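This report looks at one protein model together with its ligand. Please read it alongside the sequence and the coordinates.

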Amino acid sequence: MQLLSEVTASIDFSYVGIDAILEQMRRKAMKQGFEFNIMVVGQSGLGKSTLMNTLFKSKVSRKSVQPNPEERIPKTIEIKSISHDIEEKGVRMKLTVIDTPGFGDQINNENCWQPIMKFINDQYEAYLQEEINIDRKKRIPDSRVHCCIYFIPPTGHCLRPLDVEFMRRLSKVVNIVPVIAKADTLTLEERDYFKQTIREELRANGIDVYPQKEFDEDAEDRMINDKIREMIPFAVVGSDQEYQVNGKRILGRKTKWGTIEVENIAHCEFAYLRDLLIRTHMQNIKDITGSIHYETYRVRRLNESNGHSQAQNHTLTHVFCLHEHAHMHTDTPLML
Ligand SMILES: Nc1nc2c(ncn2[C@@H]2O[C@H](COP(=O)(O)OP(=O)(O)OP(=O)(O)O)[C@@H](O)[C@H]2O)c(=O)[nH]1
Ligand SMILES: [Mg+2]
């Protein structure tokens, strides 16, 4: 007969099973699914709506789209959110794209960022209201803009003051990823030169785009993000038309001199943008939204309302003192 002490001796008591938490987290996350909200911003006609269609039709969700080759993308006239439920290997994701009308059509483009900034802040406000509810939901629906793709016109020269101003304001409230729109209009040398000029200008104007240096967590993070920072802004081409090239169906733009394949990294950098957003940095983009941008909003709002109620208290105390004072002298009640 085996003694109990012999049985227990064969079990490794130093192993507690902490690593199993990963599996628990994985299962919980799979059950909950993921939400990710991307916004596109930029001057009218730069291909914002097209690029979002490209994203949905590209490998992210090719299965979930019904091909409709005849459909033309109309000019966007209002801020519109479109959600797609995507499932891959049992993981569910609700990918929402917030398409915005292009600006720059007016003679006076002053304050054209206001509707966009308002939309972003409104989502923070909605989240805050849910959060401070006594009877709050177990899981607050997240409509906050996690990432804003800013479209730069392919001028090949330098950033326009409007783009600088817009990005400066946006970068304070949301993660921005700048892209050079319609990159097929630039030669490779023009593209490289323009990318470098933009990077320098962003730096000179103090515009901190995603991935922000100050939020790198460790040396490994820094190394990966440095590589991305060297590539930004991505030179992208968008299309929602499918063509047959060498027997394969591809998303591309057909021209007289050939077909530009939007998912081919030899042709443009759309695939890098998609990988950054979906494959490699989605969680980090969401974390920064929650812990930095939303937090800044929350602190400001709560300070404001604290300040407001303190001011109210102050007024009340003041009125109360006046009341007391009046009592002392006149013995008549003061009407408040
Ligand atoms: N050459 C080129 N043309 C493009 C590209 N992406 C879109 N276009 C074309 O540009 C035009 C405008 O595209 P949209 O996607 O409607 O542009 P938008 O930025 O959404 O425009 P607004 O809704 O007015 O702000 C269409 O004719 C597209 O086919 C691109 O990468 N390269
Ligand atoms: Mg549009």
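The sections below cover the basis of the values, the ligand site, the strands and some backbone details.

## Basis of the values

The model is a predicted one, in which local features need pLDDT of at least 70 and side-chain atom pairs count only at pLDDT 80 or more, while totals for chains, interfaces and linings use all residues. Residues are numbered from 1 along each chain as its sequence is written, chains are lettered from A and ligands numbered from 1 in the order in which they are written, and side-chain values use heavy atoms, with hydrogens and water left out.

## The ligand site

Ligand 1 occupies the largest pocket. A pocket here is an open set of points on a 1 Å grid over the protein atoms alone, where a 1.4 Å probe fits and protein lies on both sides within 12 Å along at least five of seven lines; a molecule sits in such a pocket if more than half of its atoms lie within 2 Å of its grid points. Around ligand 1 there are 18 residues, of which S44, K48, T50, T76 and D184 come nearest, a residue being near if one of its heavy atoms lies within 4 Å of the molecule. By class, this shell holds 4 nonpolar, 8 polar and 6 charged residues, where Asp, Glu, Lys and Arg count as charged, and Gly is among the polar ones. Helix α3, residues 48–57, gives the most to the shell, with 3 residues; helices are DSSP runs of H or I with at least four residues, and strands are runs of E with at least two.

Polar contacts, meaning pairs of N or O atoms within 3.5 Å, are found on both the oxygen and the nitrogen side of the ligand's chemistry. A backbone N or O atom of G102 is 2.9 Å from an oxygen atom of ligand 1, and a backbone N or O atom of L46 lies 3.2 Å from an oxygen atom of ligand 1. The side chain of R253 places an N or O atom 3.1 Å from a nitrogen atom of ligand 1. On its own, ligand 1 has 660 Å² of accessible area, and the protein covers 81% of this, with areas taken from the Shrake-Rupley method with a 1.4 Å probe.

## Strands and sheets

Six strands form an open sheet in the order β2-β3-β1-β4-β5-β6, with mixed pairing, and two strands pair if DSSP finds at least two bridges between them. Its edge strands, β2 (80–88) and β6 (234–235), each pair on one side only. Strand β1 (residues 34–42) runs parallel to β4 (residues 147–152) and is joined to it by 5 bridges, with V40 opposite I149.

Strands β7 (residues 242–245) and β8 (residues 248–255) run antiparallel through 4 bridges, and V245 stands opposite K248. In their hairpin, which has 2 residues between the strands, N246 takes a positive phi near 50°. Strand β8 is also joined by 4 bridges to the antiparallel β9 (residues 258–261), in a hairpin with 2 residues between the strands. R253, whose side chain contacts ligand 1, has I260 in β9 as its bridge partner.

## Backbone details

Two cis peptide bonds deserve a check in any setup. The bond from Y210 to P211 is cis, with omega near -5°, and P211 is placed in the loop between α6 (188–204) and α7 (219–231). Another cis bond joins I232 and P233, with omega about 0°, and P233 is found in the loop between α7 and β6.

K182, a residue other than glycine, has a positive phi near 45° and lies in the loop between β5 (176–180) and α6.

Key: Polar contact = N/O pair within 3.5 Å; in protein donor to acceptor, adjacent residues only side chain to side chain. 1 Å grid on protein atoms, 1.4 Å probe; cavity = no way out; pocket = protein on both sides within 12 Å on 5 of 7 lines; lining within 4 Å.
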